Amino acid sequence: MEKITRVLLLAFHPRLEASHVNRFLLNTLREHPHIEVKDMYELYPDFNIDVNKEQQDLLQADLVIVQHPFFWYAAPPLIKQWIDLVLEHGWAYGTNGDKLKGKQIMHLVSSGGGFEDYCQQGKNLYTYTELLRPFELTYKFCQMQQLPTYVVPLANKIAQIDLEQHAQQVKRILEQWIAGEVDAKLPAGVTYLNELN
Amino acid sequence: MASGLFQHALIYLGTAIVFVPISKKLGIGSVLGYLIGGILVGPFALGLIGTEGHDVMHTAEFGVVMMLFIIGLELNPAQFWKMRAKIVGLGGLQMLLTAVLLFMFLYLALSFSFKASLALALSFAMSSTAIVLQTLKEKLLDKTPAGQHAFSVLLFQDIAVIPILAVLPLLALQSAGGDTPAHRLPPFLSFLDQYPSLLLLAAVGFVFILSRYLLPLVLRVIAKVQMRELFTAAALFFVIGIAWLMESVGISAALGAFMAGVLLANSEFRHELEADINPFKGLLLGVFFTAVGSTINFAVIAADPARVFSIVLILMTVKWIVLYFLGRRFRLVADQQLLFAFLLCQVGEFAFVLLASIAQLGIVPKQELDLFMAVVTISMMVSPLLLFVYERFVAPRFTNDKKTPVAYDAMEAAHHVILVGFGHFGSTIGRFLRANNTHATIIDSDSERVNLLRKMGFKVFYGDGTRLDLLESAGASDAQILISAIDDPHTNMELSELLPKHFPNLKLFVRAKNRYDAYELMDKGITHVHRESLIDSVYMGVDILSELGHRKYTLHRKAQDFIKYDNEALEKLYRHRKSDGYISRLRAETELQERLLQEDKQFLAKAEDSAWDSSHRN
């Protein structure tokens, strides 16, 4: 079992200054020496992604976290641009495309709705996991191992104390991950990382 | 006689150079430095200055006039109007209460005659405009409530001097036959002497029209000539002219200058005028303080030191108590109230004028007057020391209190960005910043443009952006960013050299015409260099390629890549260039062009990408 030591957090928010939740999460996590945080909309305001640099950073990482708000049941567009440009044929997939093989990846999502909206009985009919299927397939295609998503629900009206709790929980999980205390094989039945402590 | 002038200039300037830095270093302010310097070079110590100190002092008093002009410039009519209650109420009460108490002291304790006591009490009620205002400016206290209150009192005193001077002859023992010709008008205007109030009105009206309409017109014409010294000459001419006019109709010159200043406060030339007059004001005040120091008559003090110092103590204590009481009545919080009292408790230079007049009229015996002259001077000397004590030992006790709201803060809204040059390039930057709620302070040397911008509500300073004093008043020492967007590369270069030396905290963003300018700027350590020839040229290329049938999004991506590459190439070739700085510029440019084209080849080799293109996959 390979020990995870380096975490690359790619934060995608087109208006980070207006998102208290996403800023708070970033500020909590960026202090950790093993977590490298990249504010992608600040780096690529013109969507002109530096493919080389992104690939180098991916090579260094053991766990990639994709942090983003849930907009229109999906992720902001720069994530798609990033996937289109960085996950190149012959590098991430296709002939000799195995550079990401075995790396772990997960989404850290802030959502205006809650779990009760994102289910078959709720108003949005589908779960977060179901709506994130295209990403799941992308990572699978690149032979990456995807971890369950962590969701900060009801992010528009979240109380500061709850937000702090979420941030601490994510931080705790990542620290355990970095220390190698959490086995890559999760307990059966975990659909969201929220269920871990 | 020229050598005599040189000698005097040397003594006064030398005194300033030696003593002011020392006193500043000790934290006691420049005024005390000048005063101590004056004592040391005066007749009772080194003897470099003889008894002519008094004459020099009267001449140098003109510094006070200039100072009031500058203060007027910083106060527009609306703000001045708001202060009227404070000037009359606070200033009037201060004069009245102090004069009454001092009168009782002089009449009852020192048993002077009724008239002498009254005359002296009025003289001693005055505070020193020169010392207080200089100190306020220097210690940045002029926008505090205490500073504002002090200013109101001083202004009232300046106005009050005139009627007091007029009343003094009435107090004279032998009714002096009015041989003080206040009006010295040119012959063709002398008929106005018969109608003093008409004369007064005419003079004030003239100042109003002159400051409001005539001067801005003249300055605009002078600005077009683009000779800085001509502007300075005009400014001096104007201030001296007003002072002369006011003196000759019997109004205080200081008051006239202040009025003119207030009227010019809204003109676009305000900062330029301020920057021009300021050095003269500073020098004259320095000479004035030095002269005051040199005139202290130590013989008188030595004759009866106990009497001299106890009179000083009583005078200042009485003034202090009155001020402290008034401070409370006019709603100053505790620390401001103390500051206000400490600021104004000295006897000022107007007392010299009044005492001289008293001497002339023979109201008080000569030897007593010499003693009082010494008393006044000593109180002026003690005043900066008292303020030093206040700052060191009294004010720190209040630092835990809630910060007093600075009442006049809005007078100079703090802008964090300064934009030098509002031409084609700069205006785009300025407009873009403004569209994003960032209001840059603009410095521009086109007076018509400045006028227009002012009307549009921009904060604009007229003048040459490479002038340090102008940059200072535009707030360069507090600003975060300065944008140098002038068309002339030499000026941009000059700024890039000047600013890091004088304002090390200012981040510079500099416009460069081309890559060669950019190199020179990089030589000066500027990191934010923007070439005006880069982005527009590239996007013109985008337009052309689009016309030739290329798709726009691909072109946009390629343009972004190219700009990025070109900036990197700039850095890379810059490092090369340094090694062969001896080559002539033309030759260097050709060589550089060649290197650049070489670099391009490498870039092109890598530039092909396969984004959204699967046609060449295997």
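1. Two residues are said here to be in contact when heavy atoms of one lie within 4.5 Å of heavy atoms of the other. With that in mind, F342(B) is in contact with W320(B), L386(B), L387(B), Y390(B) and V394(B), once its neighbours within four places in sequence are left aside. The model in which these contacts are found is a predicted one, and the points below should be read accordingly.

2. It may help a new reader to stay with F342(B) for a moment. This residue has its place in helix 16 of chain B, and F342(B) is buried, because its relative accessible area is 13% and the cut-off for a buried residue is under 20%. One of its contacts, L387(B), is 45 residues away along the chain, yet the C-alpha atoms of F342(B) and L387(B) are separated by 6.2 Å.

3. How many of the 11 residues of helix 16 of chain B are buried? The helix, which covers residues 334-344, is mostly covered, with 10 of its residues counted as buried. Among them are the polar-lettered positions D335(B), Q336(B) and Q337(B), and further along the helix L338(B), L339(B), F340(B), A341(B), F342(B), L343(B) and L344(B) are buried as well. The buried residues of this helix pack against helix 6 (84-109), helix 8 (129-138), helix 9 (145-171), helix 15 (305-329) and helix 18 (366-394), which also belong to chain B.

4. For the wider setting, chain B holds 26 helices and 6 strands, and of its 618 residues 49% count as buried. If one takes the contacts in chain B between residues at least 6 apart in sequence, 75% of them join residues that are at least 24 apart. The accessible surface of chain B comes to about 30,800 Å², and 63% of this area belongs to carbon and sulfur atoms.

5. A second place to look in chain B is the pair formed by helix 11 (residues 228-248) and helix 13 (residues 270-294), whose axes are 9 Å apart and which pack at an angle of about 75°. Helix 11 of chain B is therefore roughly perpendicular to helix 13 of chain B. On the side of helix 11 of chain B, the residues that take part are F231(B), T232(B), A235(B), L236(B) and V239(B), and they meet E272(B), L273(B), D276(B), I277(B) and F280(B) in helix 13 of chain B.

6. Helix 13 of chain B also contains K281(B), and a reader may ask whether K281(B) counts as buried or exposed. K281(B) counts as buried, because its relative accessibility is 10%. Beyond its neighbours within four places in sequence, K281(B) is in contact with G63(B), M66(B), M67(B), I70(B) and Q134(B).

7. Among the strands of chain B, strand 5 (residues 507-512) and strand 6 run parallel and are joined by 4 bridges, and R531(B) in strand 6 is the bridge partner of A512(B). Between these two strands of chain B the chain passes through helix 23 (residues 515-523), and the resulting β-α-β crossover is right-handed. Strand 6 of chain B, residues 528-531, has a covered face made by V529(B) and R531(B), whereas H528(B) and H530(B) make the uncovered one.

8. Chain A has 7 helices and 6 strands, and from the N terminus on its elements run β-α-β-α-α-β-α-β-α-α-β-β-α. Of the 197 residues in chain A, 51% are buried, and chain A exposes about 9,900 Å², of which carbon and sulfur atoms supply 52%. Where contacts in chain A link residues at least 6 apart in sequence, 76% join residues at least 24 apart.

9. Near the start of that order of elements, strand 1 (residues 7-11) and strand 2 (residues 35-39) of chain A run parallel and are joined by 5 bridges, with L8(A) standing opposite E36(A) of strand 2. The chain crosses from strand 1 to strand 2 of chain A by way of helix 1 (residues 20-29), in a β-α-β crossover that is right-handed.

10. The last point concerns helix 3 (residues 51-60) and helix 4 (residues 77-86) of chain A, whose axes come within 10 Å and cross at roughly 90°. These two helices of chain A are therefore roughly perpendicular to each other. Here V51(A), E54(A), Q55(A) and L58(A) of helix 3 meet W82(A), L85(A) and V86(A) of helix 4.

Technical notes. Residues numbered from 1 in each chain as written. Chains lettered and ligands numbered in written order. Predicted model: local features only at pLDDT ≥ 70, side-chain atom pairs only at ≥ 80, totals over all residues. Heavy atoms only, no water. Buried < 20%, exposed > 50% of the residue type's maximum accessible area, 1.4 Å probe, protein only. Areas by Shrake-Rupley, 256 points an atom, 1.4 Å probe, with all protein chains shown as cover. Pairing = 2+ DSSP bridges. Right-handed = clockwise from strand over helix to strand, strands pointing away. Axes fitted to C-alpha atoms, helices over the stretch in contact; angles between N-to-C directions. Parallel < 35°, antiparallel > 145°, perpendicular 65-115°, else oblique.
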